[in-house]
Amino acid sequence: MARKNNICLLFPLLVLPIISIAADAAGGPSTVCSFLGASYVSYDYCMAVLSSDPRSSTADPHGLALITGDLALANATAVRSTIKLLLNNSSDPFIHTCLSHCRKIYDGAISDVRKAAHATARRNYAAAEELFDGVLNAPADCEATFAARPVASSPIVKEDNEFSDIACLGRAINNYLK
């Protein structure tokens, strides 16, 4: 009886690597990331982002595109939350105005990322790529509002850059699939 229990415990350890290898052979994270090319995102960045979601280990390219949409939506929502928090704590009228503008920009970006995720789910990769391409303007547009006063620096540069990177990955994977 003890021997059967040992085999049952070892079974997942033997099968999970095979499943992971099979998923990658069918276009898993490593395969997809290597095809994106450095003009979009680096292989290391792509792998790091996709590996952050446990679903990616068994996902096909379509599944990876869906995961990227989920991650982009979560990221844009987090940026908007950070903006709201900063708005509540801002005493500088210029910074407050800029952050208000950025909040509106990210409201639109969140809406477009949702649309991109729906387009990906319908396998309309061209539409999803176009929507991700559009949201790539959000961080730059937000940062541009702070440039009107050179001494003012944006408190969300890091967040803007992170959103830009994940949106670029979403665009790249949908481009790969179309």
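This is a guided tour of the structure above, going from the whole chain to its disulfides, its aromatic pairs, a helix contact and one loop residue.

**Before selecting anything**

The model is a predicted one, in which local features need pLDDT of at least 70 and side-chain atom pairs count only at pLDDT 80 or more, while totals for chains, interfaces and linings use all residues. Residues are numbered from 1 along each chain as its sequence is written, and side-chain values use heavy atoms, with hydrogens and water left out.

**The whole chain**

Show the protein as a cartoon, and you will find eight helices and zero strands, where helices (H or I, at least four residues) and strands (E, at least two) are DSSP runs numbered from the N terminus. Along the sequence the pattern reads α-α-α-α-α-α-α-α. Of the 178 residues, 38% count as buried; buried means under 20% relative accessible area, exposed means over 50%, and partly exposed lies in between (1.4 Å probe, protein chains only). If you switch to a surface, the protein exposes about 9,600 Å², and carbon and sulfur atoms supply 60% of it, with accessible areas taken from the Shrake-Rupley method with a 1.4 Å probe and, for residues, only the protein chains shown counting as cover. Among contacts (heavy atoms within 4.5 Å) between residues at least 6 apart in sequence, 71% join residues at least 24 apart.

**The cysteines**

Next, select the cysteines and show their side chains. A search of the whole structure finds two disulfides, a disulfide being a pair of cysteine sulfur atoms within 2.5 Å. With the bonded cysteines counted along the chain, the pattern is 1-2, 3-4.

Begin with Cys33 and Cys46, whose disulfide has an S to S distance of 1.9 Å. Cys33 lies in helix H2 (residues 29-36) and Cys46 in helix H3 (residues 43-51), so this disulfide ties together parts that are 13 residues apart in sequence. The link of Cys33 and Cys46 is left-handed, with -75° about the S-S bond, and both of these cysteines are buried.

Then move to Cys102 and Cys142, which form a disulfide with their sulfur atoms 2.0 Å apart. Here Cys102 belongs to helix H5 (residues 93-121) and Cys142 to helix H7 (residues 137-146), so the pair ties together parts that are 40 residues apart in sequence. The torsion about the S-S bond of Cys102 and Cys142 is about 100°, so the disulfide is right-handed. Cys102 and Cys142 are also buried.

While Cys102 is on screen, add Cys98: the closest cysteine sulfur to that of Cys98 is in Cys102, at 6.7 Å, which is too far for a bond. Cys98 counts as buried at 3% relative accessibility, and Cys168, which you can select next, is buried with a relative accessible area of 11%.

**The aromatic pairs**

A pair of aromatic rings is described by the distance of the centres and the angle of the planes. The whole structure holds two aromatic pairs, where rings of Phe, Tyr and Trp (its six-membered ring) pair if their centres lie within 6.5 Å, and planes under 30 degrees apart count as stacked, over 60 as edge-to-face and the rest as tilted.

Select Phe35 and Tyr176, whose ring centres are 5.9 Å apart with planes at 35°, so that the pair is tilted. This pair links distant parts of the chain, with Phe35 in helix H2 and Tyr176 in helix H8 (residues 157-177), 141 residues apart. Phe35 counts as exposed at 56% relative accessibility, whereas Tyr176, at 29%, counts as partly exposed.

Now select Tyr106 and Phe163, where the ring centres are 5.5 Å apart and the planes stand at 70°, so the pair is edge-to-face. Tyr106 is in helix H5 and Phe163 in helix H8, 57 residues apart, and this pair too links distant parts of the chain. Tyr106 is buried with a relative accessible area of 0%, and Phe163 is likewise buried, at 0%.

**Helices H6 and H7, and one loop residue**

Colour helix H6 (residues 125-135) and H7, whose axes come within 5 Å and cross at roughly 15°; axes are lines fitted to C-alpha atoms, for helices over the stretch in contact, and angles run from 0 to 180 degrees between N-to-C directions. H6 is therefore roughly parallel to H7, since angles under 35 degrees count as roughly parallel, over 145 as roughly antiparallel, 65 to 115 as roughly perpendicular and the rest as oblique. Where they meet, select Asp133, Gly134 and Val135 in H6 together with Asn137, Ala138 and Pro139 in H7.

Finally, select Arg123, found in the loop between H5 and H6. Most residues other than glycine have a negative phi. Arg123, although not a glycine, has a positive phi of about 65°.
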